[in-house]
Amino acid sequence: MTIEAPGPGSLLVIVPAYNEQGAVGDVVRELEQQVPGVPVLVIDDCSVDATVEVARAAGARILPLPHHLGLGGAVQAGYKLAFELGFEYVIRVDGDGQHDPRDIPRILDKLKESGAEMVIGARMDADRTRRMRTLGARFFRVVLRPILGKTVNDPTSGFVGVNRRALALFSASFPLEYPEIEALVVLQRRRFRFEEVPCHMRPRRTGRSSINGLKPLSYIVHVLLGVFVNILRYDGRWRRRLRLGRNSDSSAGGGG
Ligand SMILES: Nc1nc2c(ncn2[C@@H]2O[C@H](COP(=O)(O)OP(=O)(O)O)[C@@H](O)[C@H]2O)c(=O)[nH]1
Ligand SMILES: [Mg+2]
């Protein structure tokens, strides 16, 4: 796989994909049409269908994972590679055709003009078709409000742009399974900022969402646990730092 050395303001589009042979080809071709010249990296998570062949034939570069890592691991692998190659911005686009690449320039502009570490392409209310999903998003909006200190309209969106500061952070630490909401908490704990840009989401082209059946419930429990573990981890670290600070103050005082 070769990707040209990126220049200033460079953007990489990453597409995590797991068994998306029915949609990923059109996704890659549409990206090439709408944001010509922007390299597209499909991260294949050991698909058992023809995802890799279809994506490659459409013109994407492929990062084939040697083991199935799940969505968070695949996105982190993409972030890490982008960071090491020197890209300044990365926008994640799903491999199922739900994200409209015509929204990419607005997400990129917002990253540049706001300086926020993350910009979320947020689903408009009119696009919400699945009830469980809408309820889940509403639930997390309420839970996240006091944690993030501001409302996030679409915390489960995978249409996400990040800058290099976020790439540095996420290359080192990124949630494994359902990463979107936890990633927001990780950002917030570092006092990084996020913004949202309203985007229209389309229905998935083929196949089925990985969050189906009873999975929305396990998603909620799983993500809630992840959110609180992240809070405890960072708050614990701060408390330790404060304690250490106080101890060294008192030992300095004791010596004087
Ligand atoms: N790498 C990787 N990608 C996945 C996995 N599950 C889903 N995806 C990809 O993540 C994106 C979003 O998945 P999707 O099932 O559409 O989730 P939804 O849009 O939140 O319902 C798509 O591009 C999928 O191909 C996985 O286990 N590994
Ligand atoms: Mg989807």
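Modeller: Before we look at the sheet, one idea: two strands pair if DSSP finds at least two bridges between them. Keep in mind, too, that this is a predicted model.

Biologist: Okay, so in what order do the strands of the open sheet come?

Modeller: Reading across, the order is β3-β2-β1-β4-β6-β5-β7, which makes an open sheet of 7 strands with mixed pairing.

Biologist: Which strands stand at the edges?

Modeller: Those are β3 (61-64) and β7 (194-199). Each has a single partner strand, so one side of each is left without a neighbour in the sheet. As for twist, neighbouring strands are turned by 25 degrees against each other on average, ignoring direction.

Biologist: Can we zoom in on one pair? In which sense do β1 and β2 pair?

Modeller: Find residues 11-17 for β1 and 40-44 for β2: this pair is parallel, over 5 bridges. To get your bearings, look for I14, which stands opposite L41 in β2.

Biologist: Now the helices. Which strands does α3 lie across?

Modeller: Helix α3 covers residues 70-85 and lies across β1, β2, β3 and β4 (89-92). Against β1, this helix runs at about 155 degrees.

Biologist: And how do I read two helices packed together? Take α1 and α2: at what angle do they cross?

Modeller: Start with the axes. Those of α1 (residues 24-34) and α2 (residues 51-58) come within 8 Å and cross at roughly 20 degrees. Angles under 35 degrees count as roughly parallel, so α1 is roughly parallel to α2. The crossing is right-handed.

Biologist: Which residues make that contact?

Modeller: From α1 you have V24, G25, V28 and R29, while α2 brings T51, V54, A55, A57 and A58. By class, they are 6 nonpolar, 2 polar and 1 charged.

Biologist: What about α3 and α6: at what angle do they pack?

Modeller: Here the angle is about 125 degrees, with the axes of α3 and α6 (residues 164-172) 8 Å apart. That makes α3 oblique to α6. This crossing is left-handed. On the α3 side, the contact uses Q76, Y79, K80, A82 and F83; on the α6 side, L167, A168, F170 and S171. The classes come to 6 nonpolar, 2 polar and 1 charged.

Biologist: Last stop, the ligand. How many residues surround ligand 1?

Modeller: There are 18, and the closest are D45, A74, G95, S209 and S210. The shell divides into 7 nonpolar, 6 polar and 5 charged residues.

Biologist: Which element gives the largest share of that shell?

Modeller: Helix α3, with 3 residues. Both β1 and α3 supply at least two residues each. So now you have met α3 in three places: lying across strands of the sheet, packing with α6 and supplying part of the shell around ligand 1.

Methods
Residues are numbered from 1 along each chain as its sequence is written. Chains are lettered from A and ligands numbered from 1 in the order in which they are written. This is a predicted model: local features need pLDDT of at least 70, side-chain atom pairs count only at pLDDT 80 or more; totals for chains, interfaces and linings use all residues. Helices (H or I, at least four residues) and strands (E, at least two) are DSSP runs, numbered from the N terminus. Axes are lines fitted to C-alpha atoms, for helices over the stretch in contact, and angles run from 0 to 180 degrees between N-to-C directions. Two residues are in contact if their C-beta atoms, placed from the backbone, lie within 7 Å. A residue is near a molecule or strand if its C-beta atom, placed from the backbone, lies within 6 Å of it. Ala, Val, Leu, Ile, Met, Phe, Trp, Tyr, Cys and Pro count as nonpolar, Asp, Glu, Lys and Arg as charged, and the others, Gly among them, as polar. Angles under 35 degrees count as roughly parallel, over 145 as roughly antiparallel, 65 to 115 as roughly perpendicular and the rest as oblique. A crossing is left-handed if the near helix is turned anticlockwise from the far one by less than a right angle, and right-handed if clockwise.
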